[in-house]
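User: I'd like to learn how to read a protein model, feature by feature. Can you walk me through one?

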Amino acid sequence: MKDLTILPAIAAELPKIFEGRHLIDGVWSASVDAQTFERVSPSHGVVVSRSAKGGVRECEAAINAARRAFDTGVWSRTSGKDRATVLLRVAALIEANVDRIAVQETLESGKPITQSRGEVSGAADLWRYAASLARTMHGDSHNTLGDDMLGMVLKEPIGVVSIITPWNFPFWILSQKLPFALAAGCTVVVKPSEVTPSSTVMMGELLVEAGLPAGVCNIVLGFGAPVGSLMSTHKDVDMVTFTGSTVVGKKITQAASGTLKKVALELGGKNAQVIFPDADLEDAADAVVFGAYFNVGQCCNASSRIIVHEDIASSFVERVVALSRAVSFGDPLDPETQVGAIVTPDHNDKIDGYVKDAIAAGARLELGGHTLDVPGLGDQFYQPTILSNVSPDMPIARAEVFGPVLTVLTFRTLDEAIALTNDTSYGLSAGVWSENVHTCLEFARRAEAGTVWTNTWMDGYPELAFGGMKQSGQGREIGRYGFDEFLEVKSVVMRVGRTRAPWVKTREKSV
Ligand code: NAD
């Protein structure tokens with residue numbers, strides 16, 4: 001039996017190196033010290049972008065520009081209608097530029113081109129949805145406080161927002177934050193990951209073309225230190241919204257505490273799909289394979305654990321192994337590819353380390369378990385890997401491996417399945433497969449996760465809140481709840497008529 005489906009490299013002509021600059025106060029600029037950094041494509045081994053390397057000066061200039069733009073009201077005091085008009089223009093521009101952005105994203109991240117296209121075109125809908133919120137946002141009125149009182153609760157933009165994003169879905173995650181912040185009337189400074197900076201620069205180009213006023217969205221390219229850390233500590237920033245690792249999320253929380261700025265965090269996950277014997281097992285196996293290998297498993301929502309009922313465990317694993325063999329991996333520019341390259345050599349080693357340690361600790365290798373040299377492309381690839389006989393205390397069952405690696409645990413009762421699902425410091429997502437609605441509902445209620453899927457995996461909509469419990473984060477993104485994160489709430493209390501009783505009782509004047 002063939003072990004895996006490896007596609008040969010396609011002879012695609014790579015675009016010329018993308019040159020990225022900062023966008024500060026409406027002006028594209030290099031760094032004052034002219035420093036740059038390069039990104040080598042993990043799949044093709046050549047330099048695919050060169051970016052200005054920001055430092056303290058660029059970051060301060062960007063924060064100052066955002067502060068000024070906010071305080072002058074050039075965006076924050078415009079009507080919802082005007083903001084929505086710009087956001088809708090951006091959505092249309094994204095759709096007109098899907099291919100260009102997707103190719104660059106694939107070259108920098110190593111993800112398959114079909115997944116990059118889906119990410120970019122799907123992001124347009126987030127902008128459209130956010131535009132609808134810009135027009136419909138409102139507070140409350142209280143007309144029941146007494147005859148002489150009227151109360152209003154106003155919603156206002158929180159102010160200057162730092163947006164810090166990771167490398168795994170650079171365009172999508174930016175679009176989970178930026179249009180919502182803009183819809184609320186905030187101004188922003190964005191720092192994309194140093195690994196995948198270019199699609200954020202391309203977004204900046206679209207914002208300028210759409211007519212967003214200068215200073216409303218500023219982009220600084222560079223590294224966690226000093227750019228990300230200054231964005232988390234600067235006194236003129238009112239909020240930081242961060243997506244990335246739990247380790248860095250904790251650092252940002254500490255850094256932001258000095259000025260008590262609001263912090264919203266979308267962090268890691270160790271998400272489980274639970275499979276009951278009465279489930280549609282064909283469908284479940286397909287979703288398990290999708291959940292494990294989508295975006296090369298480098299996905300906060302990856303279902304890196306499956307928890308299978310003992311009675312069906314061996315036959316279900318056989319089914320998943322057979323499907324995994326059919327998943328095609330290879331050149332990310334090939335539209336047939338489903339699993340591409342691992343983002344960096346270090347990360348490839350880290351994944352391999354988890355797998356080797358698990359095998360040494362007694363896990364059984366059902367498939368894969370090695371890095372792989374794809375003919376014509378090099379060795380930054382990892383085979384789709386399945387490990388059974390995994391116990392809940394093994395690091396591979398607890399840590400976010402962030403690669404195409406699936407671990408199998410087993411259960412006998414619903415209580416046991418829920419306990420295993422929740423036996424993690426993370427709480428991002430969880431899934432259950434059963435034809436019994438009571439099983440599904442009980443699981444959904446008791447799973448400690450920001451999203452629970454029943455008989456499906458990883459479907460998401462702009463209308464629904466997204467985020468994690470426990471160490472998967474704080475706050476929510478997208479949907480109305482995500483939008484509210486960018487809003488302050490102010491109560492206005494108004495007396496109607498001259499009815500106020502004086503607090504100081506003045507003595508009657510003597511005649
Ligand atoms: P990372 O934490 O290493 O980096 C994320 C961003 O933070 C980058 O832009 C980086 O430059 C910046 N950064 C690094 N140190 C910083 C500091 N001290 N202060 C401020 N900024 C700093 O994460 P990554 O490796 O780019 O992304 C992978 C991680 O992201 C995984 O853990 C994954 O689960 C998580 N993730 C979570 C979600 C979610 O929505 N929950 C979505 C995607 C990715």
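Analyst: Let's go from the whole chain down to single residues, bearing in mind that this is a predicted model.

User: Fine. How many helices and strands does the protein have?

Analyst: Counting secondary structure elements is a good way in. Here there are 15 helices and 27 strands. The radius of gyration is 25 Å, close to the 24 Å that the globule rule gives for 511 residues, so the protein is as compact as a globular protein of that length. The C-alpha trace spans about 110 × 55 × 40 Å along the principal axes.

User: And what share of the residues is buried?

Analyst: For this you look at relative accessible area, where buried means under 20%. Buried residues account for 56% of the 511. The accessible surface comes to about 21,500 Å², and carbon and sulfur atoms hold 53% of that.

User: What do the contacts say about sequence separation?

Analyst: Take the contacts between residues at least 6 apart in sequence: 74% of them join residues at least 24 apart.

User: Charges next. How many positive and negative side chains are there?

Analyst: You count each set, then compare their centres. The protein has 47 positive and 59 negative side chains, with the two centres 11 Å apart.

User: Which residues have the most contacts inside the largest nonpolar core?

Analyst: A nonpolar core is a set of buried residues of certain types joined through side-chain atoms. The largest one has 69 residues, and Ile275, Phe316 and Ile396 have the most contacts inside it. Helix α9, residues 281-293, gives the most to this core, with eight residues. There is also a second, separate core of 60 residues, which includes Val86, Ala184, Cys186 and Ala210.

User: Let's zoom in on Ile396. What is it in contact with beyond its sequence neighbours?

Analyst: Leave aside residues within four places in sequence and you get a list including Lys270, Tyr354, Val355, Leu387 and Val405.

User: Now a serine. Is Ser175 buried or exposed?

Analyst: Ser175 is buried, because its relative accessible area is 0%. The residue is part of helix α5 (residues 170-184). Not counting residues up to four places away, Ser175 touches Ala123, Leu126, Trp127, Phe180 and Met203. Trp127 is 48 residues away along the chain, yet the C-alpha atoms of Ser175 and Trp127 are separated by 6.9 Å.

User: And Ser51, buried or exposed?

Analyst: Buried, with a relative accessible area of 2%. Ser51 sits in strand β6 (residues 47-52). Its contacts beyond four places in sequence are Gly20, Gln35, Thr36, Phe37, Pro197 and Leu221.

User: On to the backbone. Where is there a cis peptide bond?

Analyst: Check omega for this one. The bond joining Ala225 and Pro226 is cis, with omega about 10 degrees. Pro226 lies in helix α7, which covers residues 224-233.

User: What is phi of Lys470 and of Ile478?

Analyst: Look for positive phi in residues other than glycine. Lys470 has phi near 45 degrees, and Ile478 has phi near 50 degrees. Lys470 belongs to strand β25 (residues 469-470), whereas Ile478 is in the loop between β26 (473-474) and α15 (479-484).

User: Which of them is buried and which is partly exposed?

Analyst: Lys470 is partly exposed, with a relative accessible area of 36%. Ile478 is buried, because its value is 5% and the cut-off for buried is under 20%.

Technical notes:
Residues numbered from 1 in each chain as written. Predicted model: local features only at pLDDT ≥ 70, side-chain atom pairs only at ≥ 80, totals over all residues. Heavy atoms only, no water. Helix = DSSP H or I, 4+ residues; strand = E, 2+ residues; numbered from the N terminus. Rg over C-alpha atoms; globule rule 2.2 N^0.38 Å. Buried < 20%, exposed > 50% of the residue type's maximum accessible area, 1.4 Å probe, protein only. Contact = heavy atoms within 4.5 Å. Areas by Shrake-Rupley, 256 points an atom, 1.4 Å probe, with all protein chains shown as cover. Lys, Arg positive; Asp, Glu negative; His and termini not counted. Charge placed at Lys NZ, Arg CZ, Asp CG, Glu CD. Core = buried A, V, L, I, M, F, W, Y, C linked by side-chain atoms within 4.5 Å.
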